[in-house]
Amino acid sequence: MNWSPELQPQKNCKGLFIAGFIARLLIEKFVLGLPLHRIETALHMEGLDMSQGTLVGVLQQVAFLPASLYEAIRAHCRSTGLRQSDETGWKVLEEVKVKTSNRYSQLFSRPGCL
């Protein structure tokens with residue numbers, strides 16, 4: 001695979017990682033589900049020798065981002081005035097004492113929220 005120079009992982013002059021590299025690391029780790037040793041190997045194959053410890057350090061530095069995003073989504077959902085509800089039944093595949101019945105899952109949502 002050929003990478004153009006602007007797409008290759010790079011460090012800036014202060015030794016900090018650029019946002020594109022951090023985004024790539026987050027996607028490979030949490031969207032694609034790759035373990036760090038595979039990410040390390042892929043980076044090595046592209047010419048960037050980096051230890052798993054360095055990758056862990058980058059992940060630790062940006063660990064606050066998902067919590068901030070979760071809180072922002074939660075605040076937005078709580079600010080709307082309308083709640084919607086859906087009860088969907090499904091057949092129980094396990095035996096229940098005395099009788100067989102349907103069980104229900106309740107989903108509550110608000111406009112603009114998942």
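# A guided tour from the loop after helix 1

Begin by selecting Leu32, which is found in the loop between helix 1 and helix 2. The model in the viewer is a predicted one. Because its relative accessibility is 56%, Leu32 counts as exposed. Extend the selection to Ile27 and Val31: together with Leu32, these residues make a nonpolar surface patch of about 310 Å².

**The whole chain**

Next, select the entire protein and colour it by secondary structure. Four helices and two strands should appear, and their order along the sequence is α-α-α-α-β-β. Of the 114 residues, 19% count as buried. With the molecular surface displayed, the accessible area comes to about 9,300 Å², and carbon and sulfur atoms account for 59% of that area. If contacts are drawn for residue pairs with a separation of 6 or more, 42% of them link residues that stand 24 or more positions apart.

**Helix 3 and its two sides**

Now select helix 3, residues 52-61. Which residues of helix 3 are buried? They are Leu55, Val58 and Leu59. Because these three cover an arc of only 100° around the axis, they fall on the same side of helix 3. Rotate the view to the other side of helix 3, where Gln60 and Gln61 are exposed.

To see what covers the buried residues of helix 3, add helix 1 (19-31) and helix 2 (36-45) to the selection; both are included in that cover.

**The salt bridges around Arg24**

Keep helix 1 displayed and show side chains as sticks. The count of salt bridges comes to two. Select Arg24 and Glu28 for one of them: the closest N and O atoms of this pair are 3.0 Å apart. Both residues lie in helix 1, and their spacing of four residues is about one turn of the helix.

Are these two residues buried or exposed? Glu28 counts as buried because its relative accessibility is 12%, under the 20% limit. Arg24 has a relative accessibility of 16%, so Arg24 also counts as buried.

Add Glu46 to the selection. Arg24 forms a salt bridge with Glu46 as well, and here the closest N and O atoms are 2.8 Å apart. Arg24 belongs to helix 1 whereas Glu46 sits in the loop between helix 2 and helix 3, so this pair ties together parts that are 22 residues apart in sequence. Glu46 is partly exposed, its relative accessible area being 28%. With the three side chains in view, Arg24, Glu28 and Glu46 can be followed as one network, joined by salt bridges that share partners.

**The aromatic pair**

For the last stop, select Phe17 and Phe21. The structure holds one aromatic pair, and Phe17 and Phe21 form this pair. A pair of aromatic rings is described by the distance of the centres and the angle of the planes. How are the rings of Phe17 and Phe21 arranged? They are stacked, with 4.8 Å centre to centre and 20° between the planes. The angle is under the 30 degrees that the term stacked requires. Switch the surface on again to inspect their setting: Phe17 and Phe21 are both buried.

Methods. Residues numbered from 1 in each chain as written. Predicted model: local features only at pLDDT ≥ 70, side-chain atom pairs only at ≥ 80, totals over all residues. Heavy atoms only, no water. Buried < 20%, exposed > 50% of the residue type's maximum accessible area, 1.4 Å probe, protein only. Arc of directions from axis to C-beta. Contact = heavy atoms within 4.5 Å. Salt bridge = Lys/Arg side-chain N within 4 Å of Asp/Glu carboxyl O. Phe/Tyr/Trp six-rings, centres within 6.5 Å; stacked < 30°, edge-to-face > 60°. Areas by Shrake-Rupley, 256 points an atom, 1.4 Å probe, with all protein chains shown as cover. Patch = residues over 30% accessible without salt bridge, like charges linked within 9 Å, V, L, I, M, F, W, Y side chains within 5 Å.
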